[in-house]
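Grab a pencil and let's work through a protein together. Each exercise gives you a task, and a step-by-step solution comes right after it.

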Amino acid sequence: MYDQAVEVFFQNGEFAEFGAEAEAALKRTYETSGWRAFWQRVLNLLQDRIKRTKRDRPLILADVYMRLGENNKALTELEKASAHRSWTITTLNVEPLFDNLRPDPRYSNLVRGMGLEP
């Protein structure tokens with residue numbers, strides 16, 4: 001259901017921060033190269049924005065890394081989000097996106113360290 005997921009992301013304005021030109025490029029990337037290339041392009045756009053704005057976005061990066069199947073990088077970003085006391089990380093133990101991380105001891109330690117039940 002990747003087609004529907006991508007359409008919902010665009011309908012919800014998830015990528016509006018990148019501008020209309022970048023959104024069009026993301027759509028073309030998905031249409032021509034598929035899901036993984038699409039998320040790799042999103043990651044590149046986020047990393048460029050982080051460099052320009054000097055504003056770290058660990059939770060968003062963790063989300064993208066999970067979609068790319070890069071669990072270690074996702075965990076590293078979640079640890080940063082926890083260290084930055086990002087309030088949105090408080091849903092970590094119930095967020096389905098991070099289900100693949102649950103068996104990892106780093107995940108359990110992170111959730112416990114935040115005072116949440118793994």
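Below are five exercises on helices, single residues and a pocket.

Before you start, note that this is a predicted model, where local features need pLDDT of at least 70, side-chain atom pairs count only at pLDDT 80 or more, and totals for chains, interfaces and linings use all residues. Residues are numbered from 1 along each chain as its sequence is written, and side-chain values use heavy atoms, with hydrogens and water left out.

**Exercise 1. Work out how helix 1 and helix 2 are arranged.**

Step 1: Find the two helices. Helix 1 covers residues 2-11 and helix 2 covers residues 20-33. Helices here are DSSP runs of H or I with at least four residues (strands are runs of E with at least two), numbered from the N terminus.

Step 2: Look at the geometry. The axes are 12 Å apart, and the packing angle is about 180°. Axes are lines fitted to C-alpha atoms, for helices over the stretch in contact, and angles run from 0 to 180 degrees between N-to-C directions.

Step 3: Name the arrangement. Angles under 35 degrees count as roughly parallel, over 145 as roughly antiparallel, 65 to 115 as roughly perpendicular and the rest as oblique. So helix 1 and helix 2 are roughly antiparallel to each other.

Step 4: See who meets whom. Helix 1 brings Tyr2, Asp3, Val6 and Phe10, and helix 2 answers with Glu23, Leu26, Lys27 and Tyr30. Contact means heavy atoms within 4.5 Å.

Step 5: Sort these contact residues. You get 5 nonpolar, no polar and 3 charged. For the sorting, Ala, Val, Leu, Ile, Met, Phe, Trp, Tyr, Cys and Pro count as nonpolar, Asp, Glu, Lys and Arg as charged, and the others, Gly among them, as polar.

**Exercise 2. Is threonine 29 buried or exposed?**

Step 1: Place the residue. Threonine 29 sits in helix 2.

Step 2: Apply the cut-offs. Buried means under 20% relative accessible area, exposed over 50%, and partly exposed in between (1.4 Å probe, protein chains only). Threonine 29 has 10% relative accessibility, so it counts as buried.

Step 3: Check the company. Leaving aside neighbours within four places in sequence, threonine 29 is in contact with Gly34, Ala37, Phe38 and Arg41.

**Exercise 3. Describe the surroundings of glutamate 77 and leucine 101.**

Step 1: Start with glutamate 77, which lies in helix 5 (residues 71-83). Its relative accessibility is 7%, so glutamate 77 counts as buried. Skipping residues up to four places away in sequence, glutamate 77 touches Pro58, Leu61, Ala62 and Tyr65.

Step 2: Move on to leucine 101, in the loop between helix 5 and helix 6 (105-113). At 1% relative accessibility, leucine 101 is buried too. Its contacts, again skipping residues up to four places away, are Met66, Asn71, Leu75, Leu78 and Tyr107.

Step 3: Take one of those partners. Leucine 101 and methionine 66 are 35 residues apart in sequence and 9.0 Å apart in space, C-alpha to C-alpha.

**Exercise 4. What sign does the phi of lysine 54 have?**

Step 1: Find lysine 54 in the loop between helix 3 and helix 4.

Step 2: Read the angle. Phi is positive, about 60°, although lysine 54 is not a glycine.

Step 3: Judge the exposure. With 72% relative accessibility, lysine 54 counts as exposed.

**Exercise 5. Describe the largest pocket and its lining.**

Step 1: Get the volume. The largest pocket holds about 410 Å³ of space.

Step 2: Find the centre. Among the 22 lining residues, Glu14, Leu59, Ile60, Asp63 and Arg67 are the closest to it.

Step 3: Look for the elements. Helix 3 (35-53) and helix 4 (58-67) are the ones that give two or more residues to this lining. Helix 4 gives the largest share, 5 residues.

Step 4: Sort the lining. It divides into 13 nonpolar, 3 polar and 6 charged residues.

Step 5: Know the terms. On a 1 Å grid over the protein atoms alone, a pocket is an open set of points where a 1.4 Å probe fits, with protein on both sides within 12 Å along at least five of seven lines; lining residues have an atom within 4 Å of a point. Volume is the space filled by probe spheres set on the points.
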